[in-house]
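Here is a short tour for anyone meeting this chain for the first time. Have a look at the picture, then read on.

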Amino acid sequence: MKAEKIIYDRNDEASGIAVFDATGLMEIDIYNENRALEGNVYLGRISKKINLANDRTGFMVNIGDGHEAFLNSYEPALKEANMNEGQSVVVQVAQEKRAEKGAKVVRNIQLAGVYLVYCPFKFDVEISSKIEDEQKAAIYKKLVQEHCQGQEGWILRTVSTEATENQLLEEMTSLRETYENIRKKARTLTAPVILYAKENPLFEYIRRYKDSLREIVVDSPKLKEQTEAVFDGTVTVQKDAFEEFGIDDAIVDALNRTVKLKHGGNLQIEETKAFVAIDVDSAGKRNAGDIDNLNIEAAMEIARQIRLRNLSGKIIIDFAGSSEYRFMKKVIETLEEELADDICRSRVLGLSRAGNVEILRQRRRPSLRDLYTTECPTCNGTGRVEP
């Protein structure tokens with residue numbers, strides 16, 4: 001994905017980020033400061049202990065955002081938690097609240113910097129699989145290993161090879177200080193309370209798309225100054241930017257179940273509690289060549305809609321026409337290409353025995369539908385009425 005423009009707009013407690021590429025709007029992200037955002041660290045209080053499958057236990061944790069979060073007692077590389085109601089625990093949000101489900105939190109804290117991720121409970125140094133300069137990555141891995149203090153872990157992020165050695169070492173010191181500050185707060189404050197809030201997500205987007213980004217629109221002179229410190233392109237200030245650039249209307253469109261394809265046909269997108277179902281409607285096209293072209297166009301649009309709506313979990317797609325692999329091979333390859341650089345890990349699982357294409361996408365943040373709508377209390381989400 002090659003983003004060219006980012007628009008940032010803050011309204012009351014919510015902040016919105018819209019990302020455009022050469023073809024138009026490609027991503028929308030909405031952050032509510034009162035929500036438990038992914039990456040935030042809290043001193044929570046155990047409100048309930050619950051029994052899970054396989055003789056394991058879990059906990060409901062009050063983190064002070066108005067919704068109870070879920071904590072599994074078992075986490076890889078950590079001793080199994082054995083706590084009771086009323087106890088305090090330091091946790092980090094791994095998945096944000098969505099629909100009727102509260103946030104998922106973990107004890108295995110990770111603090112992300114520009115070049116590194118600090119992992120206090122890990123004992124090794126890992127390298128991002130997206131780093132292309134393997135030789136430099138190996139040199140930097142050795143550098144980080146040589147400057148580890150006691151038992152701690154690190155992950156070299158994709159952009160780490162663009163840093164100098166001094167920048168890496170300075171960030172190691174900074175992230176250690178941040179973690180130590182979290183520990184100090186946890187010893188002195190009373191749960192539930194936030195211990196660490198991650199930076200404005202705008203700057204993460206700038207780093208993610210810095211190679212192709214040309215323009216950024218922000219909502220205040222102060223943020224413009226902060227943005228210009230890290231971005232060399234054009235930065236402008238625009239109040240009510242989402243309304244001015246038509247993004248509010250785009251959000252309404254992204255909540256519709258039907259998406260029309262440019263050359264005929266449409267997509268029907270249904271979000272359920274178990275999975276996301278997408279049906280490709282040929283709109284009467286019957287010629288084999290037309291169906292093939294329709295499915296290729298649909299695959300490209302589906303990848304765009306997945307990012308735009310932030311669809312995640314299991315995604316099942318019923319393409320038009322024959323479901324034989326020889327007809328679907330190019331379609332599957334197109335999906336894989338379009339989702340290759342998705343920031344949320346996506347895996348195209350291929351063709352199921354039922355003839356559907358399945359995708360698994362990492363669940364990190366709520367979908368647009370979860371952010372902007374609530375389940376109807378009358379029909380309980382069926383969208384149907386009794387005669």
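What follows goes from the whole chain to its cysteines and then to one glutamine.

**The whole chain**

Keep in mind that this is a predicted model. Its secondary structure adds up to nine helices and 21 strands. How does the radius of gyration of the chain fit with that of a compact globule? It agrees, because a compact globule of 387 residues would have a value near 21 Å and the chain has 23 Å. Lined up along the principal axes, the C-alpha atoms take up a box of roughly 65 × 50 × 45 Å.

On burial, 44% of the 387 residues count as buried. The chain also exposes about 21,100 Å² of surface, with carbon and sulfur atoms supplying 46% of that. If you take the contacts between residues at least 6 apart in sequence, 58% of them link residues at least 24 apart. As for charge, the chain carries 55 positive and 64 negative charges, and the mean positions of the two sets sit 5 Å apart.

**The cysteines**

A disulfide is a covalent bond between the sulfur atoms of two cysteines. How many disulfides does the structure hold? The count is zero. Take Cys-148: its closest cysteine sulfur belongs to Cys-119 and is 10 Å away, so the two are too far apart for a bond. The cut-off here is 2.5 Å between the sulfur atoms. Cys-344 is in no disulfide either, and its nearest cysteine sulfur, again in Cys-119, lies 18 Å away.

Are these two cysteines buried or exposed? Cys-148 counts as partly exposed because its relative accessibility is 24%, while Cys-344 is buried, with a relative accessible area of 7%.

**One glutamine in a helix**

Now for Gln-305, which you can find in helix 7, spanning residues 288-309. Its relative accessibility is 5%, so Gln-305 counts as buried. What does Gln-305 touch, leaving aside neighbours within four places in sequence? Its contacts are Val-259, Ile-269, Asn-310 and Leu-311. Leu-267 sits 38 residues away from Gln-305 along the chain, and the C-alpha atoms of the two are separated by 9.9 Å.

**Burial at a glance**

Here are the residues from this tour with their burial values.

| Residue | Relative accessibility | Class |
|---|---|---|
| Cys-148 | 24% | partly exposed |
| Cys-344 | 7% | buried |
| Gln-305 | 5% | buried |

Methods. Residues numbered from 1 in each chain as written. Predicted model: local features only at pLDDT ≥ 70, side-chain atom pairs only at ≥ 80, totals over all residues. Heavy atoms only, no water. Helix = DSSP H or I, 4+ residues; strand = E, 2+ residues; numbered from the N terminus. Rg over C-alpha atoms; globule rule 2.2 N^0.38 Å. Buried < 20%, exposed > 50% of the residue type's maximum accessible area, 1.4 Å probe, protein only. Contact = heavy atoms within 4.5 Å. Areas by Shrake-Rupley, 256 points an atom, 1.4 Å probe, with all protein chains shown as cover. Lys, Arg positive; Asp, Glu negative; His and termini not counted. Charge placed at Lys NZ, Arg CZ, Asp CG, Glu CD.
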